[in-house]
Amino acid sequence: MISFASDYIAGAHPQVLKRLVETNLEPLPGYGGDIYCDRAKEKIRTACGCPEVQVEFLTGGTQTNQIVISTLLREHEGVIAAQTGHVNTHEAGAVEYTGHKVLEVPQRDGKLDAAEVEGYIRAFYADENHEHMVFPGMVYISHPTEYGTLYRKAELEALSRVCRENKIPLFLDGARLGYGLMSRGADVTLADIAALCDVFYIGGTKVGALCGEAVVFTKNNRPPHFTNAVKKRGALLAKGRLLGVQFDALFTDGLYFELSRHAIEMAEQLKALLHEKNVEFYLESPTNQQFVILDDGQVETLKKQVSFGFWEKYGSDRTVVRFATSWSTTEEELNFLRSVL
């Protein structure tokens, strides 16, 4: 059985594991106050081209989304997100659990449109009853989106302008950020994201780490007493060194970008393979997730030999499924898929 079910099916890249082993017995301060967290933060600042950004480490994507959103929003505010946004669909109501509502807006290929966001905010304040409603206090996007699509730089600029004009932060979920940055279709750099977003995170869990996300506050806007807020939410890792060591390894000699580039190259081969087999695409994304339509008989036969992700039903007898490549995908796995499709 081989797997294209997701991009976190493997453990960690050998170089990351090597550094964890090498540093394993060093006595270090807890809660991220160690030299490896400091070193990783400095390397991330350099990669962002912004020496003044504030970097914090958390362990997973849902945890990161919940903490960033709940600490930046005020009591009466909610977060604008696409209908298909991860915080609105696949996070078990984690944001709502903190007392903040996800305010959904229609999506286009998984993306928010700046004009629709602006229209939503204007309509809210035009409503004479808005004091009885949840205020729009933040805009959440992901890059890549849930459909593996990418924001163009012009689209990010437009969203950033809307957020600035309305004095609310733009938050970018970067769980798969590396795959977005290394896509052949990308025109957005890490420095662009740092300049246009108020906060974003660099996902490690899906890009070569055992676990870990690096949150980047770009406007000197890290919430006051952030460590206290993280601990209150049960998310402060005592052995914070584990995150620092991993990100230090990932941001040494361009490893993070190398691993991301490999996943994209495998995805391009996957797309060619699917076209070769005349598989119908639901959405041909420029990143590491590919969405195709199979009849239900094909799904039942294929899943005996290959793992992949269910996405949604497509009519009465067909299904949209997702194949995802990652930093650990091999050409041998692609060749096996070719042989059984």
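Tutor: A pocket is an open set of points on a 1 Å grid over the protein atoms alone, with protein on both sides within 12 Å along at least five of seven lines, whereas a cavity is a set where a 1.4 Å probe fits but cannot get out; lining residues have an atom within 4 Å of a point. Grid points are joined across faces, edges and corners, and a volume is the space filled by probe spheres set on them. The model is predicted, so local features need pLDDT of at least 70 and side-chain atom pairs count only at pLDDT 80 or more, while totals for chains, interfaces and linings use all residues. Residues are numbered from 1 along each chain as its sequence is written, and side-chain values use heavy atoms, leaving out hydrogens and water.

Student: OK, what volume does the largest pocket have?

Tutor: The volume of the largest pocket comes to about 320 Å³.

Student: And which residues lie nearest its centre?

Tutor: Of the 22 residues that line the largest pocket, those nearest its centre are Tyr8, His86, Ala175, Arg176 and Lys206. Helix H3, which covers residues 61–72, supplies the largest share of that lining, namely 3 residues; helices (H or I, at least four residues) and strands (E, at least two) are DSSP runs, numbered from the N terminus.

Student: How much space lies in the second largest pocket?

Tutor: The second largest pocket holds about 280 Å³ of space. It is lined by 17 residues, and the closest to its centre are Tyr31, Gly32, Glu56, Phe57 and Leu236. Two or more residues of this lining come from each of helix H2 (35–48), strand S2 (54–58) and helix H10 (226–232).

Student: Switching topic: how many cavities of 30 Å³ or more does a search of the whole structure find?

Tutor: The search of the whole structure turns up 1 cavity of that size, 30 Å³ or more, and the largest cavity contains about 70 Å³ of space.

Student: Which residues line the largest cavity?

Tutor: The lining consists of Ala82, Thr84, Gly85, His86, Gly110, Leu112, Tyr140, Ile141, Ser142, Thr145, Glu146 and Tyr151. Strand S5 contributes the most to it, with 3 residues. His86 therefore appears in your reading twice, as a cavity-lining residue and as one of the residues nearest the centre of the largest pocket.

Student: You mentioned S5, so where does it sit: what is the order of the sheet of 7 strands?

Tutor: The order in that open sheet is S2-S8-S7-S6-S5-S3-S4, and its pairing is mixed, where two strands pair if DSSP finds at least two bridges between them. S2 and strand S4 (102–105) are the edge strands, each pairing on one side only. On average, neighbouring strands of this sheet are turned by 25° against each other, direction ignored.

Student: In which sense do S3 and S5 pair?

Tutor: Strand S3 (residues 77–82) and strand S5 (residues 135–142) run parallel in their pairing, which extends over 4 bridges. Within it, Val79 has Met138 in S5 as its bridge partner.

Student: Which strands does H2 touch when it packs on the sheet?

Tutor: H2 touches S2, strand S7 (199–203) and strand S8 (213–217), contact meaning heavy atoms within 4.5 Å, and the direction of H2 makes about 125° with that of S2. Helix H6 (residues 114–126) also packs on the sheet, where it touches S3, S4 and S5, and its direction makes about 165° with that of S5. Axes are lines fitted to C-alpha atoms, for helices over the stretch in contact, and angles run from 0 to 180 degrees between N-to-C directions.

Student: What about the sheet of 4 strands, what is its order?

Tutor: This open sheet has the order S9-S10-S13-S12 with antiparallel pairing. Its edge strands, each pairing on one side only, are S9 (280–283) and S12 (309–313), and from one strand to the next the twist averages 40°. S9 and strand S10 (residues 289–295) are joined in the antiparallel sense over 3 bridges, with Phe281 standing opposite Val292 in S10. Helix H12 (residues 255–276) lies across S9, S10 and strand S13 (318–324), and runs at about 20° to S10.

Student: Last thing, the backbone: which residues does a cis peptide bond join?

Tutor: The cis peptide bond is between His143 and Pro144, with omega about 0°, and Pro144 lies in the loop that connects S5 to helix H7 (153–165).

Student: And where is the place of Ala92?

Tutor: Ala92 is in the loop between helix H4 (86–89) and helix H5 (94–97), and although not a glycine, Ala92 has a positive phi of about 55°.
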